[in-house]
Structure formats: structure tokens, C-alpha cells
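Visitor: I would like a close look at a single part of this protein, taken slowly and with its surroundings included. Please begin wherever you think best, and lead me outward from there.

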Amino acid sequence: MLKKIDFKNEESFNFAFDVVDSLGKNKPDKLAMLHISGDGTERRLTFRDMMKESARAANYFKSLGIKKGDKVMLVLKRHYQFWFAMIGLNKLGAIAIPATNQLQEHDFEYRFKSAGVSAIVCTADGEVSNFVDIAQKSCPELTIKMMVGGKKDGWRDFDSEYTLFSSHFKRVADSPCGDEIALMFFSSGTTGFPKAILHSHRALVCACYTERAHHGQTKDDVFPCIPPPCFPSPLPSPQSFCPQRSRRYSCIYRPRGGRSWGYSYNTGHSCEEPPPEPSRLPSQTPPAFPPAPHPPETSPAPVAEYRFP
């Protein structure tokens with residue numbers, strides 16, 4: 001039983017620099033993530049790739065005027081670019097707000113106003129960007145819109161623009177660390193307005209050690225990440241954080257349609273149509289739930305904040 005755990009240099013800890021860049025330098029060719037997109041495209045990303053691409057993203061965000069403390073929403077489903085953007089914001093010191101692509105116009109408006117969101121990186125899939133455009137009309141603080149996987153008037157093309165920047169991003173004296181805020185998640189809003197849950201930089205290392213000490217993960221394990229990275233559960237950080245801290249790699253599968261298969265093989269692959277195993281297949285007919293009611297037409301309540309240690 002784990003009764004006590006101590007960390008060194010918590011006050012200066014930054015996941016992007018102390019974990020991702022450290023592994024990128026010391027184990028550059030080790031596989032960090034295997035991503036399989038909906039069309040079957042397979043991408044194998046090493047820790048060197050993670051280090052360099054997140055640095056490009058950080059430099060790109062900085063060029064747009066995004067700075068330390070700014071709130072940046074990420075609505076990126078299971079796109080592999082999520083991890084470049086997330087870790088890049090971690091390096092820059094902007095606060096990342098992962099969010100689901102199921103949000104509607106009023107959901108975006110509430111979150112934009114409550115959190116003071118100034119920038120968003122959004123998927124081109126579906127109607128998400130349209131809802132963002134509608135919500136922006138009443139949210140003047142949102143001035144920067146970036147799109148992944150497509151192009152649209154009024155939006156910057158993340159895929160083509162971020163690659164133009166340097167793959168080096170240096171750590172400086174005032175780089176974010178310790179008790180400074182790294183992440184913000186919104187709760188489900190089941191019993192009221194969604195509440196903002198804040199995570200500091202040093203809180204991320206706690207989740208990493210939970211994986212190693214409690215779940216028994218090792219550097220050679222395959223960690224299948226099935227839920228979209230907008231969900232904080234079961235880890236208080238994106239699913240890529242803990243596998244990378246343990247030097248194992250994540251297997252990310254982005255399905256076509258709405259069904260997720262949770263199969264992980266020795267090769268580290270997840271496949272869209274695995275051999276039939278009834279006990280592990282998702283239900284063919286999802287249960288019917290009544291539609292969720294819209295929030296009452298009132299002014300948003302103050303955002304409650306809870307900071308993890």
C-alpha cells in the first residue's frame with residue numbers, strides 16, 4: 001500500500017519541459033503515440049516528434065499574440081494535433097481548456113464568457129465551427145480562431161501555419177511551473193451551470209505517479225486512449241500525459257461514425273472491425289435518453305474554481 005509519496009522540485013515542475021522535452025532528448029526514437037485516424041491512416045509519433053511539434057505549436061501561438069495566462073479552448077476530438085497544441089500551450093503558459101465537440105452555441109457562449117476565452121483551436125468536423133461563430137458575436141474577447149483538418153473564412157489554418165515555425169522553444173526564467181494554472185476543465189453541469197476545475201502544473205505529476213504506483217503501468221505497456229481527450233476522467237490531465245511520463249506509448253483511435261472500439265493488441269494497434277467478441281463489443285442499439293434541457297435564460301453564474309494541489 002502506498003502511504004506516502006514525495007516529489008522533488010514541485011515548485012518548478014512543468015510537464016512539457018520536464019517530461020516531454022526530457023524524453024525527447026534522452027529517448028528521442030522511443031514511440032510516444034500510435035494514432036489511427038478514421039480513414040485508417042496510421043501515425044507513429046516518437047518523443048522527439050512530440051518535443052519538436054509542440055515547440056512549433058508554442059511558437060505559432062506566441063506569434064498570434066497568445067501569452068502566459070491566456071485561456072485557449074481546444075475542441076479537437078481525437079485529432080493527433082490535440083497533443084501538439086496542448087503541450088505547446090503548456091510550454092507557453094497559456095491555460096488550455098479541452099472541450100467536447102458536442103457543445104452547442106449556448107454552451108460555447110457560457111464557457112467563453114465565464115472563462116474569458118481569447119482563442120480557440122477547433123475541429124473542422126461537423127457544425128462545431130458554426131456554433132463557435134454564432135457564440136463569438138456576443139463574446140468579443142474571442143479574437144483568435146484556428147481550425148484543424150480543414151479551412152474556413154475567418155479562421156486560421158492551424159495545419160499549414162504552425163509547421164512554418166521553429167521546432168525549438170526555450171525554457172526561460174518566467175516559464176510556467178508549480179502552482180501556476182495549466183489546465184481548466186468544465187464540469188458536466190448536471191445539477192447547475194458547469195463549473196471550472198483548475199489544475200496546476202505540479203498537479204500533473206501526481207496523475208503520472210498514480211498510473212505508475214496504483215495502476216502498475218510500465219514503460220513498455222500500451223495504453224489505449226479511447227475517450228476523447230476533452231474528458232478529465234479518469235485522469236486529471238489529458239490521457240497522453242501519464243503514458244508519456246512513464247515512457248510508454250499511447251494508442252489513440254479515432255473511429256468513423258460514433259462508435260469507439262477498445263481493442264489493444266500486442267502491436268499496439270486498435271482496429272475498427274476486430275474479430276467478434278460479444279462480451280467486449282459496444283451495444284448495437286444505444287439506449288434512448290431524453291434530450292438535455294437548455295440552461296435557463298439567465299445571466300451565467302460566477303464560475304466556481306477548485307484547484308487541485
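Guide: Let us begin at Gly116, which comes just after helix H4 and takes a positive phi of about 70°. The model we are looking at is a predicted one. Helix H4 itself covers residues 105–115, and its buried residues are Asp107, Phe108, Tyr110, Arg111, Phe112 and Ala115. The elements that cover these buried residues include three strands that can be named with their ranges, S3 (71–75), S4 (95–98) and S5 (117–123), together with helix H5 (128–136) and strand S8.

A positive phi also follows another helix, for H2 is followed by Gly65, with a phi near 95°. Most residues other than glycine have a negative phi, which gives some interest to Lys77, a residue that is not a glycine and yet has a positive phi of about 50°. Lys77 is found in the loop between S3 and H3, and it counts as partly exposed because its relative accessibility is 25%, between the limits of 20% and 50%.

Helix H2 deserves a longer look. It runs over residues 47–63, and its 17 residues reach 24 Å from the first C-alpha to the last, close to the 24 Å expected at 1.5 Å a residue. Among its buried residues are Phe47, Met50, Met51, Tyr60 and Phe61, and also Glu53, Ser54 and Asn59. Two residues of this list, Met50 and Phe61, return among those with the most contacts inside the largest nonpolar core, which has 45 residues; the others named there are Ile66, Leu74, Val121, Met146 and Phe158. Helix H3 (residues 81–92) gives the most to this core, with eight residues. A second, separate core has 25 residues, including Ile97, Ala99, Val128 and Cys139. In soluble globular proteins, nonpolar side chains tend to be buried together.

Phe158 shows how the chain is brought together in the larger core: leaving out residues up to four places away in sequence, Phe158 touches Ala57, Tyr60, Phe61, Gln81, Val121, Met146, Met147 and Val148. Phe165 also has partners along H2, since, with its neighbours within four places set aside, Phe165 is in contact with Arg56, Asn59, Tyr60 and Ser63. The C-alpha atoms of Phe165 and Phe61 are separated by 9.9 Å, although these residues are 104 apart along the chain. Phe165 is found in the loop between helix H6 (158–161) and strand S8 (181–186), and its relative accessible area of 26% makes it partly exposed.

At the other end of H2, the C-alpha atom of Thr46 is separated by 4.8 Å from that of Ala32, a residue 14 places away along the chain. Ala32 is found in strand S1 (residues 31–36), and it is buried, with a relative accessible area of 0%.

Helix H3 has a further partner in helix H1 (residues 15–26): the two pack at an angle of about 130°, with their axes 8 Å apart. H1 is therefore oblique to H3. From H1 the contact is made by Phe15, Ala16, Phe17, Val20 and Asp21, and from H3 by Ile87, Asn90 and Lys91. Sorted by character, the residues of this contact are five nonpolar, one polar and two charged.

Notes. Residues numbered from 1 in each chain as written. Predicted model: local features only at pLDDT ≥ 70, side-chain atom pairs only at ≥ 80, totals over all residues. Heavy atoms only, no water. Helix = DSSP H or I, 4+ residues; strand = E, 2+ residues; numbered from the N terminus. Expected span 1.5 Å × (residues − 1). Buried < 20%, exposed > 50% of the residue type's maximum accessible area, 1.4 Å probe, protein only. Core = buried A, V, L, I, M, F, W, Y, C linked by side-chain atoms within 4.5 Å. Contact = heavy atoms within 4.5 Å. Axes fitted to C-alpha atoms, helices over the stretch in contact; angles between N-to-C directions. Parallel < 35°, antiparallel > 145°, perpendicular 65-115°, else oblique. Nonpolar A, V, L, I, M, F, W, Y, C, P; charged D, E, K, R; others polar.
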